[in-house]
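Pull up the model and keep it turning while you read. We'll go from the empty spaces to a sheet, and then to a few spots where the backbone or the cysteines deserve a second look.

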Amino acid sequence: MTALDLSSPVAVVGTGTMGQGIAQVALVAGHPVRLYDAVAGRARDAAEAIGARLDRLVEKGRLGATDRDAARARLKPAESLAELADCALVVEAVLERLDVKQQLFGELEGIVAEDCLLATNTSSLSVTAIGGALRHPGRFVGLHFFNPAPLLPLVEVVSGFATDVTSATRAYETARAWGKTPVACADTPGFIVNRIARPFYAEAFAVYEAQAADPATIDAVLRGSGGFRMGAFELTDLIGQDVNESVTHSVWQSFFQDVRFTPSLAQRRLVESGRLGRKTGHGWYDYAEDAEPAGPHTADREQPPAYVVVEGDLGPAADLVALIREAGIQVREEDEDNGTRLVLPGGGQLVLADGQTSVEFRDVVYFDLALDYRTATRIALSAGHDSATQTLAEAIGLFQALGKDVSVIGDAPGMIVARTVARIIDLAHDAVAKGVATEEDVDTAMRLGVSYPLGPFAWDRRLGRDFAIDVLDEMHERDPSGRYAPSLALYRHAYAIDKREGAS
């Protein structure tokens, strides 16, 4: 099954930001495009707005004037749904209400031809439920674009329970012909991206609610150590707290209030207060012109230790050994079977975040996971009540000698990056095991849809098979609510690799 022919008209119903973006994508690809909105005059206004954006593309040298003029000629506002009768594809981008969407597609079904593809751009509703009201749901599919649609490459092509394979394939190939990167996805709450991304927000909020760190520090660690483009607090301020919380709540409810997707009470209070982020001038951060920018906690300078003793294999933190040597600090290595850690001159231990708490052990300081310890600009440390002042000072000085800013946070099992990445990896394995998408499509979706530095499976391979499950096992032991219980899929993944290694 091939993509729609460029001579085939495409219709977009709903002319808000997303509808206009989808229309622009189809238009620039070469299709005749019809715009319809239930509110009189909006389709015409949207056509003018799209024309203005095409003008700006010409000014920036990204579109030729001739192509712009041809695209303008192909764009037509429609005054009624009946004018969409000859379209080969209709994409809906209207209000996120099931009854509204079902009514719309019910009307369209009586207007368009039998071979016309019907698609929804919903981000939170069930594709199966929307299509369930149709007489011929086999031609109904989800085409979930990401905002802004003309710029972001990802499109989730969602097959509902009754979607025909031919319909999903045609939608997939059409999205690819439009210059997008499509990923195939089964109809599941949140699809790929909004399902697997929940821990990125949830774990940041959990650390904040536990008073282990403030938003600016958590965001700085996620960026500087985790390699994420934005932290969870600044990103939700950009998205809109009401929008982000609504998606979280929808996924949680759709999974029958699964504790792994529980919304944040702190975020609920923020929404109730009307502090919705940048659009209201205040969210987690204050965006008033005279507001003092919130900065992360950064430790004062400390003297680096003269030497460290490396006991065992540091696993994901193994690169630290070379970095410490390069900083001129002596490294003594010892083989150990009962743990992996750095021992500091004062006798204190420096341990990679593993899901345990720093108060459980005497004189231990935990350090957080980094995407790449060489390029990381910030490292978080966590010390317990029994950690010696000297141990914390030596730990701070060590990482400062490596050129890192250091943030000291409270006692938080799994710290910030480690717990977040472990949970993302777990949800990714769970999704693939349940047929939501392939590993490759999950990694592609998370890199392109939310700009993660690595896809969950690529991250899992880099960290090693034991990292995510070990962190979650330890966290589950300390919080047996089920939130951190590793999925059966993650257990199977670890066991299968073990068995292959044992047989080799």
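What follows is a walk through pockets, strands, cysteines and backbone angles.

Before anything else, keep in mind that this is a predicted model. Let's begin with empty space. Rolling a probe the size of a water molecule over the atoms shows where such space is left. The largest pocket comes out at about 1100 Å³. Its lining takes in 36 residues, and if you want to find the middle, look for Met-18, Phe-146, Asn-147, Ile-239 and Val-243, which lie nearest the centre. Plenty of elements contribute to that wall. Those giving two or more residues are helix H1 (17-29), strand E6 (140-145), helix H7 (193-196), H8, helix H10 (232-239), helix H11 (241-254) and helix H16 (439-449). As for chemistry, the pocket lining has 21 nonpolar residues, 10 polar ones and five charged ones.

Stay with Asn-147 for a moment, since it is one of the residues nearest the pocket centre. The peptide bond that leads from Asn-147 to Pro-148 is cis, with omega near 0°. On the chain, Pro-148 sits in the loop between E6 and strand E7 (154-159). E6 is also among the elements that give two or more residues to the pocket lining.

Now for the closed-off space. How many cavities of 30 Å³ or more does the structure hold? There is one, and the space in the largest cavity amounts to about 60 Å³. Helix H8 (residues 198-209) provides the largest share of its lining, with four residues. The lining includes Arg-198, Tyr-201, Ala-202 and Phe-205, and also Thr-248. Further along the chain, Arg-260, Phe-261, Thr-262, Pro-263, Ser-264 and Gln-267 line the cavity too. Sorted by class, the cavity lining has five nonpolar, four polar and two charged residues. H8 therefore turns up at both places: it supplies the largest share of the cavity lining, and it is listed among the elements with two or more residues in the pocket lining.

Next, swing round to the sheet. Seven strands make an open sheet in the order E10-E9-E11-E12-E13-E14-E15, and the pairing is mixed. The edges belong to strand E10 (330-334) and strand E15 (405-409); each has a single partner strand, so one side of each has no neighbour in the sheet. On average, neighbouring strands here are turned by 30° against each other, direction ignored.

Strands of a sheet pair through backbone hydrogen bonds, either parallel or antiparallel. You can follow both kinds here. Strand E11 (residues 341-343) and strand E12 (residues 349-352) run antiparallel and are joined by two bridges. One residue pair to click on is Val-343 with its bridge partner in E12, Gln-349. Move along to strand E13 (residues 364-367), which is joined to E14 by three bridges, again antiparallel. In this pair Phe-367 has Leu-381 of E14 as its bridge partner. The step from E14 to E15 is parallel, with five bridges. Leu-381 appears once more here, standing opposite Val-408 in E15. So what about burial in strand E14 (residues 378-383), is it mostly covered or mostly open? It is mostly covered, with five of its six residues buried.

Two residues outside the strands have a backbone worth checking. Asp-363, in the loop between E12 and E13, has a positive phi of about 55° although it is not a glycine. Its relative accessibility is 15%, so Asp-363 counts as buried. Gln-257 also has a positive phi without being glycine, this time near 60°. You'll find Gln-257 in the loop between H11 and helix H12 (265-272). At 44% relative accessibility, Gln-257 counts as partly exposed.

Last stop, the cysteines. The structure has zero disulfides. Why is there no bond between Cys-87 and Cys-116? Their sulfurs are 6.7 Å apart, too far for a bond, and for Cys-87 the sulfur in Cys-116 is the closest cysteine sulfur. Looking from the other end gives a matching picture, because the closest cysteine sulfur to Cys-116 is in Cys-87. A disulfide would need the two sulfur atoms within 2.5 Å. Cys-87 is buried, at 3% relative accessible area, and Cys-116 counts as buried with 1% relative accessibility.

Definitions and conventions
Residues are numbered from 1 along each chain as its sequence is written. This is a predicted model: local features need pLDDT of at least 70, side-chain atom pairs count only at pLDDT 80 or more; totals for chains, interfaces and linings use all residues. Side-chain values use heavy atoms; hydrogens and water are left out. On a 1 Å grid over the protein atoms alone, a cavity is a set of points where a 1.4 Å probe fits but cannot get out, and a pocket is an open set with protein on both sides within 12 Å along at least five of seven lines; lining residues have an atom within 4 Å of a point. Grid points are joined across faces, edges and corners, and a volume is the space filled by probe spheres set on the points. Ala, Val, Leu, Ile, Met, Phe, Trp, Tyr, Cys and Pro count as nonpolar, Asp, Glu, Lys and Arg as charged, and the others, Gly among them, as polar. Buried means under 20% relative accessible area, exposed over 50%, partly exposed in between (1.4 Å probe, protein chains only). Two strands pair if DSSP finds at least two bridges between them. Axes are lines fitted to C-alpha atoms, for helices over the stretch in contact, and angles run from 0 to 180 degrees between N-to-C directions.
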